[in-house]
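User: I'm new to reading protein models and would like a close look at one part. Could you walk me through it in plain terms?
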Amino acid sequence: MRETIYSLVLYDAFRQESECPLCLIEEKREEEALDYLLHQALMDVQTRGETNREGFCRRHFEMMYRRRAYRLQLALILDTHLAAENARLKKLAAGLTGRGRARPKPFSFLGGAEQKTGPEERLLQELRYQERSCYICRKINTVMEEHIKVMFYLWEEEREFAAVFAEKKGFCQKHFRQLLERAAQHLSSRQRQVFITRITEKQLANLERIQNEVHRFTEKMSHHNKDLPWGNARDALIRGIKKLAGICRLE
Ligand SMILES: [Zn+2]
Ligand SMILES: [Zn+2]
């Protein structure tokens, strides 16, 4: 059942005109994940435990904040996330602050390499984790892995899908990288070689195409080239950025 739904979504995305069909899917999944969190999952104890621990990246904080109607929901999520995170930081910072402050070690000639980590290391680990972790990003990554798995299955098993796939203009660089990586996981070694060769040729050709389109755009911006036809260059700047950076809200 799940495979059928995923197949439909994949066919749909691969039939649309785009610089990356997987970005089309990811964009939808991102909206769904945000909707679900702010509408339904807010009262779910397990979800709140997860958002309290993981927090959000800048992009997803921004997206949630822009949904004006859900400011209270966002504040509730932020409130308990901050409470949980503050308690954690307080524990990790014990010994660094107030009375328990760590005393600086006396100067030592032997101090070099082995003294690289100090008493702040555990605190640093948590801060680094928080910079990288995001509840929404994790949810999207999990569901995208499933889509990619089904995509490989369709490419191998359904001639119709392989034909649609062959017509595409490649992917954004992140999804290109993911497909190169996942090919080993989901395809036999012979199929993997075929897939990697085809997708790499296609990606490089399309990166060249997009550069030509962006170049045409720069030429058109010049007063000397008023009469030069636009070709496909009108939205080349937006598509060029999307090709490199994936989902961007530029329109
Ligand atoms: Zn993409
Ligand atoms: Zn995120």
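Where does Leu 250 lie in relation to helix H11 (236-245)?

Analyst: Happy to help! This is a predicted model, so local features need pLDDT of at least 70 and side-chain atom pairs pLDDT 80 or more, while totals for chains, interfaces and linings use all residues. Residues are numbered from 1 along each chain as its sequence is written, chains are lettered from A and ligands numbered from 1 in the order written, and side-chain values use heavy atoms, without hydrogens or water.

Leu 250 sits in the segment that follows helix H11 (236-245) (helices are DSSP runs of H or I, at least four residues, numbered from the N terminus). With a relative accessibility of 37%, Leu 250 counts as partly exposed (buried is under 20%, exposed over 50%, partly exposed in between, with a 1.4 Å probe and protein chains only). Together with Leu 237 and Ile 241, Leu 250 makes a nonpolar surface patch of about 230 Å² (patch residues have over 30% relative accessible area and no salt bridge, and nonpolar side chains are joined within 5 Å; a salt bridge is a Lys or Arg side-chain nitrogen within 4 Å of an Asp or Glu carboxyl oxygen; areas are Shrake-Rupley values with a 1.4 Å probe).

For contrast, look at some buried residues. In helix H8 (residues 159-166), these are Phe 161, Val 164 and Phe 165. They lie on the same side of H8 because their arc around the axis is only 100° (taken from the directions from the axis to the C-beta atoms). Cys 57, at 19% relative accessibility, also counts as buried, and so does His 60, at 2%.

Methods. Helix = DSSP H or I, 4+ residues; strand = E, 2+ residues; numbered from the N terminus. Patch = residues over 30% accessible without salt bridge, like charges linked within 9 Å, V, L, I, M, F, W, Y side chains within 5 Å.
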